[in-house]
Amino acid sequence: MATNGSPEPGTSSTFSLSVPRIQIRRSSSDTQLDKVQIKSASVYNIHGLSGSQHSLSVPPIHKDVVGYRGSNEFILTDDKQSTMDQIKSIGPWMRRKCKNVCRRKILYKRVPILNWLPKYTMDDAVGDLVAGITVGLTVIPQALAYSSIAGLPAAYGLYGSFVGCFVYILLGSCKDVPMGPTAIASLLTFQACDGVWQRAVLLCFLSGLIELLMGLFGLGFLIDFVSGPVSSGFTSAVSLIILSSQVKDLLGIVAKGNTFIEQWTSIINDIHNTQLGDAMMGFTCIIVLLLMRLLPRVKFGPPEECDQTVMQRVINKSLWLIGTARNAIIVIVCGGIGAAFYENGKEPFRMIGDVPSGLPSVQAPPFSVPEVVNATGTVIQEYESFGDMLQNLGSMLIVIPLIALLENIAICKAFADGKPVDATQELIAIGVSNIANSFVQGYPGTGALSRGAVNNASGVRTPFGGLYTGLLVIFALLFFTPYFFYIPRAALAAIIIAAVIFMIEVRVVKPMWRSKKTDLIPGLATFVACLALPLEYGILVGIGLNILFILYHAARPKIHMDQAVTPCGVKYLMLTPDRCLIFPSVDYVRNLINKHGLKSQIPVVIDCTHIYGADFTAAQVIDTLIKDFKSRNQLLLFLNLKPSVGNVFEGADLEYRVFYDFEQLDKAIRECRRKSIGA
């Protein structure tokens with residue numbers, strides 16, 4: 001290497017290189033090169049940290065065409081470490097990671113209460129108190145109702161509704177998330193546990209553990225595999241299944257079944273045993289609940305609150321509170337009606353029965369199911385070991401954590417106001433919450449979107465609102481459980497039905513049809529599969545179809561074709577693939593390029609601007625493509641090839657020519673054209 005003197009700041013100097021291979025390596029030293037900017041096929045401008053500019057002049061190498069042969073003459077490489085050096089670097093890497101974990105920034109990120117608690121104000125306290133009590137009035141009747149979806153006694157819904165609220169205050173990153181049972185989690189619990197409470201509590205513990213591990217290992221990205229159409233199809237199907245599961249209580253009949261078809265087959269077979277009292281109570285409650293749902297929309301006086309009189313504001317707030325607490329009001333009124341009939345020696349409705357009074361005992365989750373024998377000596381529940389319980393829970397150990405995260409993130413995004421959502425932190429929060437719930441005999445839960453909307457509308461300011469919700473549930477367990485006996489099952493069924501009918505996402509079909517009709521395919525497939533098959537298989541069908549669509553698009557890239565002309569009038573074909581070259585797509589790309597090349601019989605240029613990656617299979621097929629063009633004496637050139645793709649081609653020892661500006665490209669095409677005419 002020869003130089004023309006030492007460069008001064010702001011000047012440039014030229015280095016002439018005659019070696020067959022150039023290696024430009026990055027270094028953190030100030031004297032080394034920091035940035036490489038490709039200017040043309042023959043000149044590279046290199047900018048140093050000090051601001052000086054140097055240029056490397058690389059003479060044309062190929063004897064026939066100006067350009068570069070990729071296999072031997074030119075390559076940009078990064079520093080590569082040997083395997084032993086990489087092994088030795090593991091220790092320092094682990095020390096750096098441990099040091100980063102212990103940093104104050106990480107602590108504040110993983111324990112969000114440290115961020116907002118020092119700034120907590122009286123206004124925050126008032127907002128959280130109102131929201132917490134309002135959500136508590138919603139969660140108590142929902143917990144009683146959702147436990148019936150899970151096939152468990154009513155008390156287990158309440159057991160899973162208070163400890164998680166306290167844990168989320170410490171670890172939760174979203175103020176609007178109210179931890180507790182949800183309709184979807186309850187249905188999944190029923191399908192996994194079949195009404196055995198020991199399985200449900202163990203499922204809560206293991207689901208929380210898996211969620212915590214997913215959070216610690218940063219696996220929140222897994223929900224990215226559940227697309228919007230699949231999520232909508234799954235939610236809609238689950239809503240119909242939940243609605244169907246409550247028809248038996250609405251009509252006072254006996255029906256069983258896990259899938260939609262099984263449930264309705266059982267309902268039709270027993271519908272002749274419909275109880276008139278339950279049916280009247282249930283349908284009346286549904287109508288009243290739907291009407292009460294409209295009350296918050298009723299406004300007296302001017303639309304702006306500041307323009308309203310005191311009386312108008314009081315009336316509007318009262319209507320909003322009645323509409324929001326409609327579930328609690330229905331439970332209280334129907335419970336009073338049930339108690340009145342029961343005291344008079346009549347039972348026109350089926351009651352939910354005894355609910356154990358007091359708080360649950362704090363104990364480790366059960367790791368086996370004991371054998372239960374009735375008075376006649378008949379075994380009504382067989383013994384199950386821990387292995388048997390795991391086998392029965394099966395794939396739900398993965399499905400429930402993913403669905404729980406999906407529900408939770410939906411709330412965070414709905415009320416984030418454009419702020420980023422930390423899926424990793426939410427996984428940690430709901431994971432620890434479920435682990436804690438399992439020690440008080442709760443079953444899996446997460447944030448419910450309906451309660452999240454109530455929380456947000458109630459003016460919640462921080463996650464501290466969960467404290468008042470949890471305390472209200474504890475208060476109900478301590479003092480009101482004797483009165484829960486009189487609540488008709490039909491009233492709880494009506495509460496669930498009136499809630500889940502709005503979870504059926506019919507409204508997304510029209511915009512999906514307008515934007516991209518093919519998105520309806522995985523959505524509808526998920527919907528049908530979830531109705532006909534167990535839910536875990538249904539959502540796998542949707543995810544599988546999504547992946548097939550992705551693979552199809554990866555295997556069939558679009559290639560834009562332009563017929564261009566050099567300044568001297570020589571025509572050539574410019575082909576621009578729109579994505580990376582990987583093994584599913586390369587044969588398709590090769591055939592397409594060959595087809596256009598044979599049809600045009602003019603030089604072909606492949607614009608690699610959008611090709612950011614390639615693999616060895618792609619390099620082999622490109623090598624075959626180059627040989628195809630060479631065999632028919634047709635020129636094939638590459639434009640704007642990325643260094644990372646060039647490295648792959650270099651490793652496969654390809655003979656190719658690449659250019660980085662149109663001037664050199666035109667010159668190469670013109671010279672080849674001149675040689676072909678001369679020949």
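This note goes through a predicted model point by point, from the whole chain down to single residues.

1. Overall make-up. The chain has 679 residues, and 48% of them count as buried. Its secondary structure comprises 28 helices and 14 strands. About 33800 Å² of the chain is exposed, with carbon and sulfur atoms supplying 62% of that area.

2. Contacts along the sequence. Consider the contacts between residues at least 6 apart in sequence: 75% of these join residues at least 24 apart.

3. Strands 10 and 11. Strand 10 (residues 559-565) and strand 11 (residues 571-577) run antiparallel and are joined by 7 bridges. In this pairing, M561 of the one strand stands opposite L575 in strand 11. The two strands form a hairpin with 5 residues between them. In the turn, G569 has a positive phi of about 95°. Strand 11 is largely enclosed by the rest of the structure, because 6 of its 7 residues are buried.

4. Strands 11, 12 and 13. On from the hairpin, strand 11 is also joined to strand 12, by 3 bridges, and these two run parallel. L573 has V604 as its bridge partner in strand 12. Strand 12 (residues 604-607) pairs in turn with strand 13, again in the parallel sense, over 4 bridges. V604 takes part here too, with L636 as its bridge partner in strand 13.

5. The two sides of strand 13. In a regular strand the side chains alternate between the two faces of the sheet. Strand 13 (residues 636-639) can be read with this in mind: L636 and F638 point one way, while L637 and L639 point the other way. All four residues are buried.

6. Salt bridges: D422 and R110. A search of the whole structure finds 7 salt bridges. One of them joins D422 to R110, with the closest N and O atoms 3.1 Å apart. D422 lies in the loop between helix 16 (396-414) and helix 17, and R110 lies in helix 3 (residues 104-110), so the pair ties together parts that are 312 residues apart in sequence. D422 is partly exposed, at 22% relative accessible area, and R110 also counts as partly exposed, at 25%.

7. Salt bridges: D249 and R350. Another salt bridge is formed by D249 and R350, whose closest N and O atoms are 3.0 Å apart. This pair links distant parts of the chain, 101 residues apart: D249 is in helix 10 (residues 228-251), and R350 is in the loop between helix 14 (326-343) and strand 7 (372-373). D249 counts as buried, at 7% relative accessibility, whereas R350 is partly exposed, at 32%.

8. Salt bridges: K175 and D176. The side chains of K175 and D176 also meet in a salt bridge, at 3.1 Å from N to O. Buried or partly exposed: which word fits K175, and which fits D176? K175 is partly exposed, with a relative accessible area of 27%. D176 is buried, with a relative accessible area of 0%.

9. Cysteines. A disulfide is a covalent bond between the sulfur atoms of two cysteines. How many disulfides does a search of the whole structure find? The search finds 0. C334 is in no disulfide, and the nearest cysteine sulfur, that of C285, is 3.4 Å away. The cut-off for a disulfide is a pair of sulfur atoms within 2.5 Å, so a pair at 3.4 Å does not count. C334 counts as buried, at 4% relative accessibility. C412 is likewise in no disulfide; for this residue the nearest cysteine sulfur is that of C174, 3.9 Å away. C412 counts as buried, at 3% relative accessibility.

10. A buried serine. S438 is in helix 17 (residues 423-438). At 1% relative accessibility, S438 counts as buried. Leaving aside residues up to four places away in sequence, S438 touches V201, C204, F205, Q363 and P365.

11. A nonpolar surface patch. F221, L222, F225, I547, L548 and L551 make a nonpolar patch of about 540 Å² on the surface. One of these residues, L548, is found in helix 24 (residues 535-555). L548 is exposed, with a relative accessible area of 53%.

How values were computed
Residues numbered from 1 in each chain as written. Predicted model: local features only at pLDDT ≥ 70, side-chain atom pairs only at ≥ 80, totals over all residues. Heavy atoms only, no water. Patch = residues over 30% accessible without salt bridge, like charges linked within 9 Å, V, L, I, M, F, W, Y side chains within 5 Å. Areas by Shrake-Rupley, 256 points an atom, 1.4 Å probe, with all protein chains shown as cover. Salt bridge = Lys/Arg side-chain N within 4 Å of Asp/Glu carboxyl O. Buried < 20%, exposed > 50% of the residue type's maximum accessible area, 1.4 Å probe, protein only. Contact = heavy atoms within 4.5 Å. Pairing = 2+ DSSP bridges.
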